[in-house]
Amino acid sequence: MDWNKTKSIFIIVFAILNIFLYWLYLERYNESQNVVFLVESSNEEKLEADQISYSDLPEEVESLPYVTGKMKSFVEADVPGSGSTGNVTDDKSLAVTFNEPMPLGDNVSTEVLQEFVDETVYKGDNYVLWRIDEKNRQAVFFQEINGRPLYYSDSGKLTIYWNDDAEVVNYEQTIFENMEESEQQKTLIPAIQAIHTLYQKRLLPTNTEIDSVAIGYSEYVTVSEETQMFLPTWHVKATLEDGTQQEFFVNAVKDGVIELKEKEEEEPAQ
């Protein structure tokens with residue numbers, strides 16, 4: 001037997017086999033890419049068929065860290081000025097009543113309320129206005145984390161109450177402090193994927209208009225009795241066919257719908 005000739009034949013056969021296997025790999029890879037494309041196209045087609053519209057979505061996928069914060073323990077020194085009375089509840093909640101109501105002016109607007117909070121409330125510039133309830137004469141502020149709202153956290157919220165004369169009579173406050181970012185940045189899912197997730201969960205009925213999609217934080221896990229970890233979260237506001245408005249929250253790191261509920265605020269005695 002000519003061993004050199006046999007060795008050459010084996011080398012040629014293995015080379016041909018490697019070329020075939022590489023070609024097979026490329027075919028499978030291209031097929032998988034086509035499947036992903038078709039799924040994404042199908043989602044868009046379904047949204048269009050159900051007349052679910054959106055515009056001005058955030059285009060770039062941001063990277064944000066998880067954040068931890070510790071609930072502040074309030075003391076009497078945190079009560080503003082001499083014309084008010086403070087009550088610290090379980091040292092984590094501060095309730096302040098003004099001996100003389102604080103006037104807001106003729107028009108209770110976003111700007112007026114934010115100015116009052118910035119100038120009067122303990123670390124007021126850490127809050128952003130979330131909702132004005134004119135019927136019950138109250139406004140809810142959410143604490144901000146690195147300039148982004150912390151959605152519906154009972155431990156990071158401020159509620160202002162006023163009377164018939166547009167004068168602030170009292171407020172209730174909780175806040176996180178000692179914020180620390182995790183070292184690793186997390187890549188966020190795109191805003192459009194958050195909409196797809198809501199649609200796939202059948203939370204977006206036909207003829208829904210997506211009004212806005214914004215990034216913020218929500219409470220994720222309890223690290224200790226006083227410390228919470230916060231998760232980057234997409235906030236989706238939508239108007240349904242009957243004109244009612246709804247809001248949804250989606251985990252911006254691992255996807256999935258987050259259930260966040262607003263507690264009813266009691267109207268204070270006046």
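Reader: How many bridges join S5 to S6, and in which sense do these strands run?

Author: In this predicted model, S5 and S6 run antiparallel and are joined by six bridges. To see one position in that pairing, look at Val128, which stands opposite Phe142 in S6. The two strands form a hairpin with four residues between them, and in the turn Arg137 has a positive phi of about 55°.

Reader: Which other strands pair with S6, and over how many bridges?

Author: Strand S8, residues 157–162, pairs with S6 in the antiparallel sense over five bridges, and here Val140 stands opposite Thr159. Strand S7, residues 148–149, also runs antiparallel to S6, with two bridges joining them, and the bridge partner of Glu144 in S7 is Pro149. S6 and S7 form a hairpin as well, with two residues between them, and Asn146 in that turn has a positive phi of about 50°.

Reader: Is S6 mostly covered or mostly open, and what count should I look at?

Author: S6 is mostly covered, since seven of its eight residues are buried, where buried means under 20% relative accessible area. For the protein as a whole, 39% of the 270 residues count as buried, and its secondary structure comes to three helices and 15 strands.

Reader: Why should I look for nonpolar side chains together in the interior?

Author: The general idea is that in soluble globular proteins nonpolar side chains tend to be buried together. In this structure the largest nonpolar core has 37 residues, and those that touch the most other members are Ile195, Leu204, Ile210, Val213, Tyr217, Phe230 and Trp234. The elements that give two or more residues to this core are strands S2, S6, S12, S13 and S14, together with helix H3. Apart from it lies another core, of 23 residues, including Phe98, Leu129, Leu158 and Ala166.

Reader: Which residues are in contact with Trp234, once its neighbours within four places in sequence are left aside?

Author: Reading along the sequence, Trp234 is in contact with Pro58, then with Ile189, Pro190, Ala191 and Ala194, then with Val213, Ala214 and Ile215, and finally with Phe248, Phe249, Val250 and Ala252. Contacts across the sequence can also be counted for the whole protein: among those between residues at least 6 apart, 59% join residues at least 24 apart.

Reader: Which residues of H3 are buried, and what follows the helix?

Author: H3 is mostly covered, with seven of its ten residues buried, and these are Ala191, Ala194, Ile195, His196, Thr197, Leu198 and Tyr199. Of these, Ile195 is also one of the core residues that touch the most other members. After the helix comes Arg202, whose phi is positive, near 60°.

Reader: How is empty space found, and what is the volume of the largest pocket?

Author: The general idea is that rolling a probe the size of a water molecule over the atoms shows where empty space is left. Here the largest pocket has a volume of about 260 Å³. Twelve residues line this pocket, and nearest its centre lie Trp130, Tyr152, His235, Lys237 and Glu247.

Reader: Which strands supply the lining of the largest pocket, and how do its residues divide?

Author: At least two lining residues come from each of S5, S12, S13 and S14, and S14 gives the most, with three residues. By kind, the lining of the largest pocket divides into four nonpolar, four polar and four charged residues.

Methods:
Residues numbered from 1 in each chain as written. Predicted model: local features only at pLDDT ≥ 70, side-chain atom pairs only at ≥ 80, totals over all residues. Heavy atoms only, no water. Core = buried A, V, L, I, M, F, W, Y, C linked by side-chain atoms within 4.5 Å. Buried < 20%, exposed > 50% of the residue type's maximum accessible area, 1.4 Å probe, protein only. Contact = heavy atoms within 4.5 Å. 1 Å grid on protein atoms, 1.4 Å probe; cavity = no way out; pocket = protein on both sides within 12 Å on 5 of 7 lines; lining within 4 Å. Points joined across faces, edges and corners; volume = space filled by probe spheres on them. Nonpolar A, V, L, I, M, F, W, Y, C, P; charged D, E, K, R; others polar. Pairing = 2+ DSSP bridges.
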